[in-house]
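Please open the structure in the viewer and keep the selection panel at hand. The tour below proceeds from the whole chain to a single strand and then to a single residue.

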Amino acid sequence: MRRQIQWKRVWAVGLLVLGGCGGDVGGGGGDETPDTQAPSTPGVIRADPISSWMLGVAWTASSDNVGVTGYRVERCTGEGCTDFAVVGTQTELAHQDPNLEARTLYRYRVAAFDAAGNVSAASAVAEATTPEAPIDGGAGDGGTGDAGIGDGGTSNNANATVAGEVRLPYPTLHHLTVEWGFSGDANANGVVTVRYRASGTSAWRASLPLRRVPGESNEGFTWSTRHSGSVFDLQPGTTYELELSLTDPDGGTTTRTVSATTRAVPAPMAGAPVKAVTPGTFATVAASAQPGDILALGAGTYSGFDFARSGEAGRPIVIRGTAGTVINGQINLFSRSHVHLDGLTVNGRIRFNGSNHIAITRCTLNASNSFGGDGIVTYLRAENAYIADNVVTGLTAWAEASLGVNGNNLGEGILVTGPGHVILHNRVNGFRDGISLLEDDEAVDQFSIDILNNDLGGNGDDGIEADFCFHNCRIVRNRLTNNFIALSSQPGLGGPTWFIRNAVYNPVHLAFKLYRGSAGDVLLHNTVVKNGDALGIYAGRPVSRLYSRNNLFIGGPGGSFNGYSSGSGRVLHLPDLVTAGSSMDFDGFGSTTGTFTGSWGSTRFTDLASLRGNTSEKNAVLVGLGVFAATVAYPAAPMTLYASPDLRLRAGSAAENVGQVLPGVTDGFSGGAPDLGAHEVGAALPVYGPRP
């Protein structure tokens, strides 16, 4: 244990001192003569244990005729091994390697690369062995775990972390939320790494570290200090073990092991009785429905109805339509639980105010003026809804007069408040907001919410409005085409609010609306092609603790639409960004104007070299529409209803193999590093909207 703490202090020094030796990291480019000279070989490499499942690697800087862009860390397992594989890229002169097995020898080597893609020879090899695993500290019940301070005692040092309770609230089908409260750590250098495995398996996988969330207040809401994050892309109905390692060189280092089970996909009870229903018998059958029943609605026209029965866990009441089943009016499920609506055509609205464990699947909903133009909504706190594979069509026309908060737009396509909701594989078009959370004092417990693989277009205000997300709303793999604003976090209440691998084309005004003092937004692997500024955020209030990696932003000449400017073609314009505590890097930017200008907080830049040299975007790259494999037109006329383009990358483009490894997000990437944007080269397109 003493050795572990000693290494961590050396590690912190290494980041400060060795990092200063690499002053030419992230050098410019732009010479007309191709750069073919590789950097020099990195030197003086060492590897040491940090924990039973993490090793640290450090090395001294390379040099290059233009500039070293970064370092590629390679690893193999076992004494004398030679089958090295890339496990990370770094711009600093150190790397922490998680997801390892205890009592195992690992060998490392490092190579430097430059912006032209030249790679140095591999360094000498360093090796280290992970120690024996510590005794586990309990399953989130406040166990002490491995104190990691030598004597395990408490500390009066204000910089030491005092670990609090671990919580995994409201698991969804595909994700787990992790919240670890703490106090102390006044110098904010405590870090929580995460690894996980399905219960009963032996191999651990690394996930993203938890995000630090300082306790603050905004817009009438207050939140506490904590480490917070998500484990992504899990299997439904599966129990997972999570190992959380809190590391603080000032004291308080500890490990906690916790477990949670993802929710299963909602399904009828096995062997459920099926009750045939006609428009004439519906009221009688519905009034006597019992948990587990399936009400099979025959062809015909039904009036809207209030459903007053509830099912039970494992025994839902299912109301299922067949070909020719049409409901004119609204369906109300008020304070109900375990009711499934499946395969219905509804000309009106579905409301599930205050209801829990409601499933709405494979429905076709056509909004009506009689019900405010809404689609599927709850205006009161609900829990654990599953809204999947629906087609929801609104009344808002795609016209300039429809745009914006005061535009001629109507209705919410899908709207929820409360925790645990899953909104998956829906097609939503023609509303004020396509998918939305509630705002201001109507927002209640908006966390652990998944908005995944939806297809959204023609919405007059926001495609996805994740406003007033308390934490861990996950907006992942959605396609947004022809929306006034694509993605909104107005505001995020401390975060993290996750925006990952969304494909955005022709957002008229903004791709990301991070307004009203939004804090803790995380942008990873999004692709944006838009009119005007590629990434412009005109908040007028501070945008804080923004974290951005591996995104692709392309803009061009702009204009004004219903009084809103799309921007002038800057690649990045974030004048309100609070740069302290924010981190943006490894993003691709471009403008069809042929210029490369913008702002990052108060810093202005006029070319790629000045962006790299004066902001955190040390590894930014210049991109254009040519990075795509298919022809992607610039959206010069935003009020056109463009077809959704294929935004997959072209092999060999400037966006390939230049991203940063993000555990749990970039797993399975090909090549030397992850690609930028929503799609890895060679990967199939995700299924957007209803599944076949």
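The stops that follow give a selection and then describe what is found there.

**The whole protein**

Begin with all residues shown as a cartoon, bearing in mind that this is a predicted model. The secondary structure comprises three helices and 52 strands. The radius of gyration is 26 Å, close to the 26 Å that the globule rule gives for 692 residues, so the protein is as compact as a globular protein of that length. Reduce the display to the C-alpha trace and orient it along its principal axes: the span is about 85 × 60 × 45 Å.

Next, colour by accessibility. Of the 692 residues, 58% are buried. A surface representation corresponds to an exposed area of about 24500 Å², of which carbon and sulfur atoms supply 51%. If the charged side chains are then selected, 47 are positive and 62 are negative, and the centres of the two sets lie 4 Å apart. For contacts between residues at least 6 apart in sequence, 68% join residues at least 24 apart.

**Strand S24 and its partners**

Select residues 345-351, which form strand S24. Is this strand mostly covered or mostly uncovered? Five of its seven residues are buried, and S24 is thus described as mostly covered.

Add residues 325-332, strand S22: S22 and S24 run parallel and are joined by seven bridges. To see one position of this pairing, display Asn328, which stands opposite Asn347 of S24.

Now add residues 364-366, strand S26, which pairs with S24 in the parallel sense over three bridges. Here Thr345 has Thr364 in S26 as its bridge partner.

Finally, add residues 376-377, strand S27. The pairing of S27 with S24 is again parallel, over two bridges. At Ile350, the bridge partner is Ile376 in S27.

**Asp585**

Move to residues 583-585, strand S48, and select Asp585 within that strand. Is Asp585 buried or exposed? Asp585 is buried, with a relative accessible area of 6%.

Which residues does Asp585 touch, not counting those up to four places away in sequence? Display Ser548, Arg549 and Asn550 as one group, and Ser616, Glu617, Lys618, Asn619 and Ala620 as another; Asp585 touches each of these residues.

As a last step, draw a distance from the C-alpha of Asp585 to that of Gly626. The two residues are 41 apart in sequence and 21 Å apart in space.

How values were computed:
Residues are numbered from 1 along each chain as its sequence is written. This is a predicted model: local features need pLDDT of at least 70, side-chain atom pairs count only at pLDDT 80 or more; totals for chains, interfaces and linings use all residues. Side-chain values use heavy atoms; hydrogens and water are left out. Helices (H or I, at least four residues) and strands (E, at least two) are DSSP runs, numbered from the N terminus. The radius of gyration is taken over C-alpha atoms; the globule rule is 2.2 Å times the number of residues to the power 0.38. Buried means under 20% relative accessible area, exposed over 50%, partly exposed in between (1.4 Å probe, protein chains only). Contact means heavy atoms within 4.5 Å. Accessible areas come from the Shrake-Rupley method with a 1.4 Å probe; for residues, only the protein chains shown count as cover. Lys and Arg count as positive and Asp and Glu as negative; His and the chain ends are not counted. The place of a charge is taken as NZ of Lys, CZ of Arg, CG of Asp or CD of Glu. Two strands pair if DSSP finds at least two bridges between them.
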